[in-house]
Amino acid sequence: MIYLLFLRALFVCFGTFHLPRIHPCRYSHAETSCIKLTPPSAISTSPSFDYSHFVALSVVLGAVIVFVFFKSYFLKQRSEVQTIAKPELHSDPKKPSKPPQPISRKSHAKRHFHASDKDQNKRHHPLDLNTLKGHADSVTGLCFSSDGRNLATACADGVVRVFKLEDASSKSFKFLRINVPAGGHPMAVAFSDDASSIVVASETLTGCSLYMYGEEKQKTTNDSKQQTKLPLPEIKWEHHKIHEKRTILTLTGATASYGTADGSTIIASCSEGTDIILWHGKTGKALGHVDTNQLKNTMATISPNGRFLAAAAFTADVKVWEIVYSKDGSVKEVLNVMQLKGHKSAVTWLCFSPNSEQIITASKDGSIRIWNINVRYHLDEDPKTLKVFPIPLCDSSGSTLLYDRLCLSPDGKILVTTHGSTLQWLCMDTGKVLDTAEKAHDGDVTWMSWSPKPIPLGNEQVVVLATASVDKKVKLWAAPSRNSS
């Protein structure tokens, strides 16, 4: 375009350049116009115009224009290359300028940010200590061994895993894998006499079964250098189609230490019907059978000393049975000895205090009650309500949310509760909220349990809470400070 403008200027300066003349004409036999060109010999030119000067000047001007154009182009490309090579030297005009920083330091800070961001995604709450990986489906139950160093989980993928908790802060945990018989889905687990034996409740299309897996003691050899692998657990006893083919809701165990009990582990299986069965953990013998007579059960549990059995069912009353032991330490009978009356609606969950003298209940009436069951019931003395707390968990509109589960810490000071995927820690003395973890899991919490004894966490010993969820995860949590209320 610039080149043509220069040519126009040349025409003005050096005279008029006569183009071939066009003559209109008409043919007599048609109405069509035609063009008649004048022969080249008839073209007149201006005597003052020299073609050689015009050509030479055009070539020089064209070369100058091309040189200027390419020079500006290469300067622009060089500027862009410098901009890419040294971004810190060019600030964004839309943002306030900042002092230049070394590239290596800046990139290091960026990598550190992404690493910490991933850690925040994994542990979004200050009390969240760790996550146990390896489950391929919903985790339906879990249980600590008596020493707190083993954690058994029941998973809907058909596998029971026993994790070794050598340090709660470890990046990975070793675990023992136990495959239940084909077609079964583990629903709940409970340790028997020690960490090497475990009772599993499994559900199939034909009903529910109980299996007790145990390990044979490792045989010692004369060659101390020879290392033999521990044998895999094998089924020691099993029962099929129990509870009249109904689903097992809860499976809990306790060491019988009250009175003349022999220290054996007592297992209680609670069905979705109205029946509850007591089992001897080691032999698998059925020790007793009770019926709540309340349309359907919600859950049942045994007191830590193995003396009481309590159940939450369809009604607002909680029934409590005493497990009576004979002189030889065996279970003699199971007697219905008291009822907890005071709630106005159905009880959703309950748990015992560590000393087995109190029961904590949560109800659909929006309250938590603490009961004293250390009474002379044989003299018709009724259990007493010690404290009543309103449930402090509310939704955005202020309506009270109900607790799904309760679990009391080994020292009896902290009560942890669940609602869906939310965890909440309460102070047992005041009922005040110590901490809350909304969306503690990516799905509803299915089970939770405190470690009965402290376990290592780095250089310290702590009591941890384990939670299971439908999100295929098991998480370990620290206990909140009781001063946070």
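This section describes strand pairing, aromatic contacts and cysteine environments in a predicted model.

Strand β31, which spans residues 464-469, lies between two pairing partners. On one side, β31 pairs with strand β28 (residues 445-450) in the antiparallel sense, and five bridges connect the two. Within this pairing, M448 is placed opposite T467 of β31. Strand β32, comprising residues 474-478, is likewise joined to β31 by five bridges and runs antiparallel to β31; here A468 faces V474 of β32. The hairpin formed by β31 and β32 has four residues between its strands, and K472 adopts a positive phi near 70° in this hairpin.

Strand β31 is mostly covered, with six of its six residues buried. Its side chains point in two opposite directions: V464, A466 and A468 are directed one way, while L465, T467 and S469 are directed the other way, and all of these residues are buried. T467, the residue opposite M448, and A468, the residue opposite V474, thus belong to the two opposite-pointing sets of β31.

A second region of strand pairing is an open sheet of four strands, arranged in the order β12-β13-β14-β15 with antiparallel pairing. Its edges are formed by β12 (248-255) and β15 (286-291), each of which pairs on one side only. Neighbouring strands of this sheet are turned against each other by 15° on average, direction ignored. Within the sheet, strand β13 (residues 265-271) and strand β14 (residues 275-280) are antiparallel and are joined by five bridges. S269 is positioned opposite I277 of β14.

Four aromatic pairs are present in the structure. One of them is formed by Y211 and Y213, whose rings are tilted, with a centre-to-centre distance of 6.3 Å and an angle of 40° between the planes. Both partners are shielded: Y211 is buried at a relative accessible area of 6%, and Y213 is buried at 4%.

No disulfide was identified, a search of the whole structure having returned zero. For C407, the closest cysteine sulfur is that of C351, and the separation of 6.6 Å is too far for a bond, because a disulfide requires the two sulfur atoms to lie within 2.5 Å. C407 is itself buried, with a relative accessible area of 14%. C270 also counts as buried, at 0% relative accessibility.

Definitions and conventions
Residues numbered from 1 in each chain as written. Predicted model: local features only at pLDDT ≥ 70, side-chain atom pairs only at ≥ 80, totals over all residues. Heavy atoms only, no water. Buried < 20%, exposed > 50% of the residue type's maximum accessible area, 1.4 Å probe, protein only. Pairing = 2+ DSSP bridges. Phe/Tyr/Trp six-rings, centres within 6.5 Å; stacked < 30°, edge-to-face > 60°. Axes fitted to C-alpha atoms, helices over the stretch in contact; angles between N-to-C directions.
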